[in-house]
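Trainee: Could we go through this one together? I'd like to see how the labels follow from the numbers.

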2 protein chains.
Amino acid sequence: MSTGHHEASWRLPESNSFAGTDVAHFQRLAQTAERGKLDSIFFADSPVLHGNVAQRPYGSLEPTVLLAAIAAVTERIGLIATASTTYNEPYNLARRFASVDHISGGRTGWNVVTTAGDAAARNFSLAGQPAHSQRYERAAEFLDVAKKLWDSWEDDAVVADKDAGVWADSSRVHPVNHQGRHFQVEGGLDVPRSVQGHPVIVQAGSSENGKDFAARYAEAVFTAHQTLAAAQDFYADLKRRTTAAGRDPQSIKILPGIVPVIAATEAEALRLERELDELILPEHAVRQLANLLRVPPESLKLEAQLPVDLPPEDEIEGAKSRYTLVVNLARNEQLTVRQLIGRLGGGRGHRTFAGTPDQVADAIQHWFQSGAADGFNIMPPVLPSGLDIFVDQVVPILQDRGLFRREYTGRTLREHFGLAVPANSFERVPQPA
Amino acid sequence: MSTGHHEASWRLPESNSFAGTDVAHFQRLAQTAERGKLDSIFFADSPVLHGNVAQRPYGSLEPTVLLAAIAAVTERIGLIATASTTYNEPYNLARRFASVDHISGGRTGWNVVTTAGDAAARNFSLAGQPAHSQRYERAAEFLDVAKKLWDSWEDDAVVADKDAGVWADSSRVHPVNHQGRHFQVEGGLDVPRSVQGHPVIVQAGSSENGKDFAARYAEAVFTAHQTLAAAQDFYADLKRRTTAAGRDPQSIKILPGIVPVIAATEAEALRLERELDELILPEHAVRQLANLLRVPPESLKLEAQLPVDLPPEDEIEGAKSRYTLVVNLARNEQLTVRQLIGRLGGGRGHRTFAGTPDQVADAIQHWFQSGAADGFNIMPPVLPSGLDIFVDQVVPILQDRGLFRREYTGRTLREHFGLAVPANSFERVPQPA
């Protein structure tokens with residue numbers, strides 16, 4: 001959310017209630033992240049007005065155009081946008097990401113989502129969402145087509161011979177001629193290959209289908225864990241699956257989310273966290289939780305634990321992994337509905353950590369050195385202040401400990417992440433003379 | 001084209017052969033146009049690699065993301081992007097234009113196209129293009145849905161009452177519940193209403209379907225005419241159709257294209273025009289003309305006129321009006337294929353005018369004061385130099401004659417064009433107390 005990852009952040013006096021449509025707000029955040037030498041900024045997205053607009057700011061700028069506007073006022077920071085494979089056409093989306101990659105000089109990433117929920121489907125002439133497995137099957141074919149389109153121009157296709165009047169070598173620009181189950185696409189793309197070859201492919205689904213998809217395609221993975229053990233299990237499992245899919249496990253970066261509530265003293269940080277939690281109106285939060293759990297709101301009692309007879313995960317057709325995470329969190333810690341709402345309102349399933357800059361740095365270092373993370377998705381509870389304090393007070397500690405860069409060494413998001421430019425599937429291997 | 005509207009412009013020594021993917025090139029052009037107080041810049045588009053890449057630069061940045069990157073470095077200039085109603089979903093496109101309108105502070109226009117040609121269709125899992133009338137029927141419903149989506153948030157929907165914890169008045173955010181022949185869209189849009197209410201709706205088709213569509217929906221129309229008489233006929237006809245559709249004829253601005261070849265003397269301007277025409281390689285141009293006319297390339301002889309047995313316009317399923325324009329131009333002026341190629345390569349059907357700054361200003365003034373135009377689409381043959389000279393040498397003459405603004409008086413594209421913000425179709429009329 002524009003005002004921070006805590007759902008009540010917009011109610012703080014410092015927050016700009018109209019930040020969600022204010023491009024300058026997002027440009028400043030990106031510039032702050034760049035000052036902190038972070039890899040990237042990231043925008044979640046779903047093509048639907050899915051929440052109760054009375055409760056908190058909903059409605060956001062479409063991320064690919066937002067990234068282009070941010071690219072124009074930044075130099076190094078990576079730019080990751082979420083876009084749906086269920087509600088886009090591969091030609092359009094491949095082209096848009098290639099365009100943003102050109103515009104940004106190779107700083108783009110695409111967080112690939114299949115978009116859960118019937119409400120989104122009803123914005124696209126469907127009565128309800130396609131089944132979970134169908135969405136992932138389409139996503140895989142979508143990625144296959146997008147990659148072919150990104151490769152349809154060889155890197156040296158444009159020869160620009162003004163004297164001869166030959167702009168490009170047409171033998172180095174290829175139709176893709178994809179004939180698949182979901183898509184038939186002739187191609188080539190109407191934009192030459194971009195700086196990174198392909199945008200960095202990011203993924204965040206943690207269901208079985210989601211993890212298999214990540215193992216096959218993802219170069220960075222956003223994930224949500226409440227405990228170190230859960231994060232370690234996920235990390236080991238996904239690296240294993242990536243190896244099994246025939247890829248180098250170093251070629252996928254696993255980035256758990258963390259919501260750092262930072263203040264000069266631990267007591268002050270805990271007070272800020274409590275203040276935010278108390279700004280959540282329970283009636284909204286209960287309705288939201290009931291939606292996630294597919295139960296009637298009246299079955300949830302604030303002072304009681306979750307009902308025992310919840311549907312099993314395999315009956316959930318969208319956001320499976322989030323469903324399981326929430327149910328496990330409530331069951332494992334025996335939380336009441338009120339307690340659960342506080343935990344979710346802060347980080348929506350991500351790990352919330354309140355403390356001093358040193359304590360936050362310790363928490364990050366501990367997970368990083370315990371086989372739970374290659375990096376982190378920093379989700380400040382309040383924006384812009386929570387990003388300012390992270391960049392100004394936590395980043396220098398991590399730099400002093402030798403855990404984080406002091407200057408960018410690369411210009412592209414691939415370089416920030418340490419990922420190679422993909423080989424072009426159409427490129428001819430040079431023949432020995 | 002990025003290097004200018006003359007197809008051989010990329011071959012000039014001054015041209016940047018890689019301008020098409022260079023955002024800084026487009027940002028500088030927009031800043032130049034803004035320095036000249038022009039209404040807007042405009043990007044044509046088709047989601048297909050439709051030309052021969054050997055011949056001239058093809059492959060362009062997707063216009064909506066390009067506009068966002070330009071918006072970030074300009075203040076006043078309007079920003080018009082072309083997008084297809086045949087190969088997009090209304091929810092996605094309405095949202096993207098609303099987002100660019102927020103990002104630009106209300107400077108966006110959408111040039112609505114139905115995208116002719118089988119090649120584009122084959123990038124979107126179709127064997128061939130839908131029929132012309134089908135495309136226009138879909139376009140009309142697409143516009144209806146988009147307008148409802150843009151109106152789905154009333155202008156004062158966001159109340160941002162932090163104390164009460166109420167962000168928006170949910171009774172002022174509306175589902176659109178569109179149930180049509182081509183689309184079923186629940187809505188509302190996931191972005192609040194933008195500065196202009198709706199982006200300015202622009203249109204460029206000049207077939208019968210195209211003109212009827214323009215009369216119903218368009219607020220600005222790009223059009224191509226070789227003669228004053230043809231431009232006057234079109235102008236009068238479209239204003240009449242607009243009135244017949246129940247709209248104020250002032251609410252549609254008719255903007256013929258002009259390709260001004262400008263130099264200090266008339267002889268120098270004619271020499272520049274000839275130099276450009278001589279850089280066109282005839283074999284490419286003949287193939288392109290043959291494609292447009294749906295005839296085999298070998299039936300066109302450089303030193304002969306067009307064959308007599310061309311297909312009639314009503315058998316042409318795409319780009320009907322362009323087909324007719326080209327055939328009429330060739331027949332009326334009894335041009336050989338070589339002469340026709342020169343005329344088309346310069347302006348692709350638009351009026352080319354070579355002369356001094358005063359002569360160009362005269363030509364513009366004459367059409368403007370003869371009932372042929374409300375304004376012009378200036379299409380410099382070479383970029384950036386052709387825009388520089390227009391802004392620096394022609395605009396001041398038009399300003400001195402009292403025909404053009406010296407400073408912007410508005411901030412939005414609607415204000416530049418003198419167009420009202422559309423009423424919100426969901427807005428409740430205030431009741432007397």
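Trainee: What rotation and what shift along its axis superpose chain B on chain A?

Mentor: This is a predicted model, where local features need pLDDT of at least 70, side-chain atom pairs count only at pLDDT 80 or more, and totals for chains, interfaces and linings use all residues. Residues are numbered from 1 along each chain, chains are lettered from A in the order written, and side-chain values use heavy atoms, without hydrogens or water. A rotation of 180 degrees with 0.0 Å of shift does the job, RMSD 0.0 Å, fitted by least squares on C-alpha atoms of residues with pLDDT of at least 70 in both copies. That's the relation of a two-fold axis.

Trainee: What makes H3(B) oblique to H5(B)?

Mentor: Their axes, lines fitted to C-alpha atoms over the stretch in contact, with angles from 0 to 180 degrees between N-to-C directions, come within 9 Å and cross at roughly 50 degrees. Under 35 degrees is roughly parallel, over 145 roughly antiparallel, 65 to 115 roughly perpendicular and the rest oblique, so H3(B) is oblique to H5(B).

Trainee: Which residues of H3(B) and H5(B) meet?

Mentor: Among them are Phe97(B) and Ala98(B) in H3(B), and Leu149(B) and Trp150(B) in H5(B). Contact means heavy atoms within 4.5 Å.

Trainee: Which residues have the most contacts inside the largest nonpolar core?

Mentor: They include Trp110(B), Trp150(B) and Phe390(B), in a core of 143 residues. Such a core is a set of buried (under 20% relative accessible area, 1.4 Å probe, protein chains only) Ala, Val, Leu, Ile, Met, Phe, Trp, Tyr and Cys residues joined through side-chain atoms within 4.5 Å.

Notes
Buried < 20%, exposed > 50% of the residue type's maximum accessible area, 1.4 Å probe, protein only. Helix = DSSP H or I, 4+ residues; strand = E, 2+ residues; numbered from the N terminus.
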